[in-house]
Amino acid sequence: MKKIFKNLYLVAAVLVVAGASCKKDSTTTPPVVTYYMGGDAIGRPAINTVFVTTADKDNFNGTIPSVMGAAFQTKFKTQLLALNPGYTTNALTLTADQFTGLLSTDVLNVSPTAKTTFFDGTNVLTGRALADDVIHTELLLVFGGPAGTSNPTLTDDHVPANDKAFLTSFPYMASPW
Amino acid sequence: MQKKNIFAVAVAVIALAGGIVWASDHVDAPAVIGQSTDITDLYAFQGATASNLVFVVNTQGLLAPSATGAAKFDANTLIQINIDNTGDNVEDLVIQAIYDGTNMKFYGPVAPSSTGLKSKLEGAVTAQVAVTAYGAASPTMATGANGMQVFAGPRDDPFFFDLNQYHKIIAGTATGFNNPGSDAFAGTNVMGLVVEVPKSLLGTPTGGKFNVWAQTKKKI
């Protein structure tokens, strides 16, 4: 192993010398490519915070969406049934397996043609607008049962809107406080 | 059965009442708490111009007004919006943003040279905008050659939730929400990024919907 490294070093040295001899007067340095990795990730709102256990939170952020379902669906189901042991189905008629199967691949679905909203009573998961009351939607789907009427004290936090009005044009978000 | 339920609730309490202030994706995981990489929320919606889609990625949440003036984007943190238009949850296009100390520079939408956790800046800068200063009378906006409109700077956190009551419910000290509730994010700011893109640059999604997610990545 050591020998291989030594040989590689020699080859590298030869290459450097060869390179220098034919580009003697060049001061150009090869482009250095900068890479970035790690950090945070988000698809749908509040998924990591609600459905991922403390021990898995960094791991979830570091898992690419295409393999999230296989890695986390069972864990999400455990978490869903911990939050609501009486879960049967929800207003989207999804069983615990189906609901957690959907959520564990943490991407935001966005339609280029339909109205873009997390849920507006008609359109489901076609985007996320600033004014969407996503927490109410998620509480309803977790606690509300098939008719959205179960656990009524848990299905709405009664904060239906932002504390500042959004703009109707770019950049849409309100000015800072 | 009763015992099992109690155990289940206990697990939920341990898992969720981590003693930190979280919501949506604010400070969601140990490695990003207090970091420039902490994403608070992702939004995607049709723009005021119907042929455009708007992506919003907010970071560094829960900024008090007194702390907002000192808040900065980080030149070592890449913010990346990933767009899958083939239905396999692998990014086909990316929009990237990186701060150079003055401007936020945007790349894409472009097919990335590789997918996954590790990224490099892809192609040429397609738009750039000066970061709007805290207290500025109006937001600084810019439009790139491809028609992409961009903004970067402090904004009111658009997220709303009675987080404190939720904590009490999870901790077992309350049985439900109050009416009216109290928005724990009222009066706080985020460092926001807004990108408005012509839909024509994003392709036609298989199955009728794009799959979109945002990542922050640290320079390595």
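**Close-up 1. Leu42(B) and its partner across two strands of chain B.** In this predicted model, Leu42(B) has Val57(B), in strand 2 of chain B, as its bridge partner. Zoom out a little and you can follow the two strands themselves: strand 1 of chain B pairs with strand 2 (residues 52-63) of chain B through 7 bridges, in the antiparallel sense. As a reminder, strands of a sheet pair through backbone hydrogen bonds, either parallel or antiparallel.

**Close-up 2. The open sheet of chain B.** Here 5 strands of chain B line up in the order 1-2-9-8-7, with antiparallel pairing. Look to the edges for strand 1 (39-46) and strand 7 (142-143) of chain B; each has a single partner strand, so one side of each is left without a neighbour in the sheet.

**Close-up 3. A strand pairing between the chains.** Strand 1 of chain A runs antiparallel to strand 10 (residues 210-219) of chain B, and 2 bridges join them. To find your way, start at Tyr36(A), whose bridge partner in strand 10 of chain B is Lys219(B).

**Close-up 4. The contact between chains A and B.** Now for the wider contact, to which chain A brings 65 residues and chain B brings 86 residues. On the side of chain A that touches chain B, the elements giving two or more residues include strand 1 (36-37), helix 2 (47-51) and strand 3 (108-110) of chain A. Helix 4 of chain A gives the most to this side, with 6 residues. By residue type, the side of chain A that touches chain B holds 32 nonpolar, 24 polar and 9 charged residues.

Notes: Residues are numbered from 1 along each chain as its sequence is written. Chains are lettered from A and ligands numbered from 1 in the order in which they are written. This is a predicted model: local features need pLDDT of at least 70, side-chain atom pairs count only at pLDDT 80 or more; totals for chains, interfaces and linings use all residues. Two residues are in contact if their C-beta atoms, placed from the backbone, lie within 7 Å. Helices (H or I, at least four residues) and strands (E, at least two) are DSSP runs, numbered from the N terminus. Ala, Val, Leu, Ile, Met, Phe, Trp, Tyr, Cys and Pro count as nonpolar, Asp, Glu, Lys and Arg as charged, and the others, Gly among them, as polar. Two strands pair if DSSP finds at least two bridges between them.
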